[in-house]
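Here's a quick look at a single protein chain, starting with how far to trust it and then zooming in on one residue. Keep the model open while you read.

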Amino acid sequence: MFPLYLDARLSVTTARALWLVLAMGLGGTPLLAQRRQHAAPAPAPAPGRRRAAARSPIPSPRAVLGFEPGDDRKLADWPVLTRFYQALAQGSDRVRYRELGHTTLGAPFVALVISSPQNLRRLDAYRLLNAKLADPRALHSAAEATAAVHDGKAIVLVTSGVHSTEVGGSLTPVLLAHRLATDTSAATRAILDNVILLLVPSLNPDGVTIVTRWYNRTLGTPAEGTKPPELYHHYAGHDDNRDWYAFTQVETQLTVDSLYGVWHPQIVLDIHQQSSTASRMFVPPYLDPIEPNVDPLLVDGANALGSAIAWELAGLGRTGISINSTYDAWTPSRAYEHYHGAVRILVEAASANLASPVDVPFDELASRARGYNPRERSWNFTAPWPGGRWTLHDIVTYQSEAAYALLGNAARYRDRWLADFLAIGGRAVRGWKGWPYAYVIPRQHQDSVALATLLGILRRGQVEIRSALQPVALGGQRFSAGSYVVVLRQP
Ligand SMILES: [Zn+2]
């Protein structure tokens, strides 16, 4: 690919000529007809039909799983978890269950849509409104933009359990979904009214079952709590979370095609676990360096939201929370959302031995962690955890409280999140100073399979690709008509 800079090296006339030969919109001849493998979530059934259907009672987690999420030495495999989510959606008018497709090993890949019953009835209207905020070119006046911010809902995507040995991640969504389905407090009502939550209870359902079955088989043996001797994602293993610029795995493809590309979230929470000797939980701000192509408002958003979560947890009496430690947000391979206008919040709870408790004496806490010392109080680690027993119950408690705090913030500052999202898209459409004007991808003398793959990846990531209508000469090179052109001024 040849970067094209709009500076002294490229005359204004040449740039204008390029403009003229570009086909507008999502044109071009798609070499790789990108079949949508799986459709967007289906529209809501008519309200009348829904009301007519008798609802079954909302099940407790215990009624389906046979235990309380967080109980020592208890894990649930994917078939049991999906039974719970289906029963929850059947019992609650705040929860919709969606099967987006199938995993690598053929299991259902699932998302829940959670919001107030009123919002769920108008889901399609909110999706269309949010699509306008995601592409400011679709808004034709300041009044229309103000109305979209006023009327829209904050779209929050929560993804959990991409790393299957981080077992809290497969149980926390049970607690979160159940709380949102049953709680009648003002705080939960505000979340349901202002937020449309897309909850992916596991980004790697195959691994949930692999780890659960291994754990249950080794319970009471010397191998209890160890990692399975099998990759918990058969192709990608632990690196299944580094797939967000190549989209090689079906789980990534489903999430991008059916959720990111359709719903354009403003906030994404990704639930993880770190080592048992680190802080009890990491939340952003991230460490430097900041990836220079990430909009500053997203960095500000992650700083503010992460700090707000840490503050909420501290208010609930949780200790051992570190911010601005350990993790940066540099790589696009994990941070897809940073290139699509959304704030990425990573939370990392300390681990036990899968579902078996651990004892962590204070002096065994890692003394040389990145950016803080888990044995010393500091501005970004205000209340050290004293050491002791650490259990799965602690993990799911921290994780579900963090998720709930995030949703509370999204609800309280709904219009702020939407206005920032619109502003970020607007800046991208106008282009940043120093960005190349466009990339040209020649059509000739290329490996056609590689070219098709590249174009397919770009299109999946919702990059607009145009094609030159006439031959064009630029920077001493000739490009034939039909060359692909990616103008960087796009959302
Ligand atoms: Zn992880």
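Start with the shaky part: over residues 1-50, pLDDT (the predictor's confidence in each residue, from 0 to 100) stays under 50. The model still has 99 contacts beyond four places in sequence for residues 1-50, a contact being heavy atoms within 4.5 Å. This is a predicted model, where local features need pLDDT of at least 70, side-chain atom pairs count only at pLDDT 80 or more, and totals for chains, interfaces and linings use all residues. Residues are numbered from 1 along each chain as its sequence is written, and side-chain values use heavy atoms, with hydrogens and water left out.

The protein chain averages a pLDDT of 90, and 89% of the residues score at least 70. The two extremes look like this:

| Element | Residues | Mean pLDDT |
|---|---|---|
| helix H1 (lowest) | 12-21 | 36 |
| strand S5 (highest) | 195-200 | 99 |

In total there are 15 helices and 16 strands; these are DSSP runs numbered from the N terminus, with helices (H or I) of at least four residues and strands (E) of at least two. Of the 491 residues, 55% are buried.

Now for Asp-270, which sits in strand S6 (residues 267-274). Is Asp-270 buried or exposed? Asp-270 counts as buried because its relative accessibility is 7%, and the cut-offs are under 20% for buried, over 50% for exposed and partly exposed in between (1.4 Å probe, protein chains only). Not counting residues up to four places away in sequence, Asp-270 touches Thr-159, Leu-203, Arg-344, Ile-345, Leu-346 and Val-347.
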